[in-house]
Amino acid sequence: MYIKVSEIQRQGLDVVATRGKAWIPRVLEGMNPYPLRTCRMLSAGLHLALEGRDIFADGSFVAEGDASCDRCNEPVKVTMEKEFQAVLVPRDRVPAGAANVELHEEDLDIGFYDGAGVEVNDIFWEQVALALPVKLLCAEECRGVCPSCGGNLNRGECGCPGETRTTPFDILKKP
Ligand SMILES: [Zn+2]
Ligand SMILES: [Zn+2]
């Protein structure tokens, strides 16, 4: 959903109040949610305000995704919940070649827009990307799978002889 700068009034623009909620379930369509397999938006809010030509975005979301445990490969459901503040600066405001210009306080996420308007999907894609988990475990104490038979060790011992498991001490056993 595209919002033109001219639509943002002096008091700001509450995107849900003016555009409804129909866009929310589709806002992540087409996004690559890696390392999740799928990702969908459950609820979202976004307020846009102008300061000069910079757009301040104040938002929140709850998103949910599916993945597999890194250790045992069992399905894991991930919920991401975040509040964010970001500022979008018109691309032409920053002189070409001037890298890392200090524009705003450091705790704000800084992005760019074309000067005419902002794509709401882009704002949420970026924020969801920042919230994606790095490590996916079904449980902190997940025991993973047996390297010999592939059995899920969370469901109990598989019965393989312990010596077949690789440990950091294996190297010491070799002649
Ligand atoms: Zn697991
Ligand atoms: Zn086994």
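Begin with the largest nonpolar core of this predicted model. It holds 26 residues, and Met41, Val120 and Phe124 touch the most other members. Next, colour strand 3, strand 4, strand 5 (75-90) and helix 2 (120-131); each of these elements supplies at least two residues of the core.

Now select Phe124 alone. Setting aside neighbours within four places in sequence, Phe124 is in contact with Val27, Leu28, Met41, Ala44 and Phe61.

Extend the selection to the whole of helix 2. How far apart are its end C-alpha atoms? They are 17 Å apart, which agrees with the 16 Å that twelve residues should span at 1.5 Å a residue. Within helix 2, show the side chains of Val120, Ile123, Phe124, Gln127 and Val128, which are its buried residues. Turn the view to look down the axis: the buried residues of helix 2 fall within an arc of 120°, so they line one face of the helix. These buried residues pack against strand 1 (2-4), helix 1 (15-19), strand 3, strand 4, strand 5 and strand 7 (117-119).

Proceed to strand 3 (residues 38-51) and strand 4 (residues 54-68). The two run antiparallel and are joined by 13 bridges. Select Ala44 to find Phe61 of strand 4 opposite; both Ala44 and Phe61 were met above as contacts of Phe124. Then move to the hairpin of strand 3 and strand 4, which has two residues between the strands. Gly52 in this hairpin takes a positive phi near 65°.

Finish with strand 2 (residues 13-14), which runs antiparallel to strand 3 and is joined to it by two bridges. Select Asp14 here; its bridge partner in strand 3 is His47.

Key. Residues are numbered from 1 along each chain as its sequence is written. Chains are lettered from A and ligands numbered from 1 in the order in which they are written. This is a predicted model: local features need pLDDT of at least 70, side-chain atom pairs count only at pLDDT 80 or more; totals for chains, interfaces and linings use all residues. Two strands pair if DSSP finds at least two bridges between them. Helices (H or I, at least four residues) and strands (E, at least two) are DSSP runs, numbered from the N terminus. A nonpolar core is a set of buried Ala, Val, Leu, Ile, Met, Phe, Trp, Tyr and Cys residues joined through C-beta atoms within 7 Å. A residue is buried if 20 or more other C-beta atoms lie within 10 Å of its own, exposed if 12 or fewer, and partly exposed in between; C-beta atoms are placed from the backbone. Two residues are in contact if their C-beta atoms, placed from the backbone, lie within 7 Å. The expected span of a helix is 1.5 Å times one less than its number of residues. The arc is that of the directions from the helix axis to the C-beta atoms.
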